[in-house]
Amino acid sequence: MAESTSTPLDSNPDTSDKIAPVDVHLPRISIQFCTQCRWMLRAAYFAQELLSTFSTDLGEVALVPKTGGVFTVTIWHGTMKDGEITTQESILWDRKRDGGFPEVKALKSLVRNVIAPNRDLGHTDRALKKEQGEQESKKQEENNGKAGCEDCQ
């Protein structure tokens, strides 16, 4: 019978601030979510959508349980700097900074802009362009409705 050795699960110090080890498959996305707020299903849904869309273009999508109302999507990706490949960390979405949760199409667009800027996201891109067009036309209508003096125009 083979003898097995086990190590305590908590034998390593807490490195929650450094969740990207040196040997990771890039690009790596981490979704930190608050367990107290019960945002695990939302985080898992975003992870599923990103994996479905980008499949093997992503090296890893990790769900990282936290507390304190956190919902942050971070990407680590390789960049070329002075002839060397370095790892760069970018926060794509932070609930507190960006005000709430991202729409899936917006999150996909943010990921695409980092890992494959020329990639077409199909219906997601069309929906985003339509929304942007609607926002621009709304702004134009608001500006046209404002009466101003000749000096202001």
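What follows is a short chat about reading a predicted model.

Me: Let's start inside. Which residues have the most contacts within the largest nonpolar core?

Reply: That core has 21 residues, and the ones with the most contacts inside it are I29, I31, L50, L58, F71, V73 and V111. Two or more residues come from each of strand 1 (28-34), helix 1 (40-54), strand 3 (71-81), strand 4 (84-94) and helix 3 (104-115). Helix 1 gives the most, with 5 residues.

Me: Say I click on F71. What is F71 in contact with, leaving aside its neighbours within four places in sequence?

Reply: Quite a list: I31, Q32, F33, W39, R42, A43, F46, W93, D94, R95, F101 and P102.

Me: Now the helices. At what angle do helix 1 and helix 3 pack?

Reply: About 50 degrees, with their axes 10 Å apart, so helix 1 is oblique to helix 3. Their crossing is right-handed. To find the contact, look for Y45, F46, E49, L50, T53 and F54 on helix 1, and V104, L107, K108, V111, R112 and I115 on helix 3.

Me: And the cysteines? Why is there no bond between the sulfurs of C37 and C34?

Reply: The general idea comes first: a disulfide is a covalent bond between the sulfur atoms of two cysteines. To count here, the two sulfurs must be within 2.5 Å. The closest cysteine sulfur to that of C37 is in C34, 3.2 Å away, so it is too far for a bond. The count for this model is 0 disulfides.

Me: Are those two cysteines buried or exposed?

Reply: C34 is buried, at 0% relative accessibility, while C37 is partly exposed, with a relative accessible area of 34%.

Definitions and conventions
Residues numbered from 1 in each chain as written. Predicted model: local features only at pLDDT ≥ 70, side-chain atom pairs only at ≥ 80, totals over all residues. Heavy atoms only, no water. Core = buried A, V, L, I, M, F, W, Y, C linked by side-chain atoms within 4.5 Å. Buried < 20%, exposed > 50% of the residue type's maximum accessible area, 1.4 Å probe, protein only. Helix = DSSP H or I, 4+ residues; strand = E, 2+ residues; numbered from the N terminus. Contact = heavy atoms within 4.5 Å. Axes fitted to C-alpha atoms, helices over the stretch in contact; angles between N-to-C directions. Parallel < 35°, antiparallel > 145°, perpendicular 65-115°, else oblique. Left-handed = near helix turned anticlockwise from the far one by under 90°.
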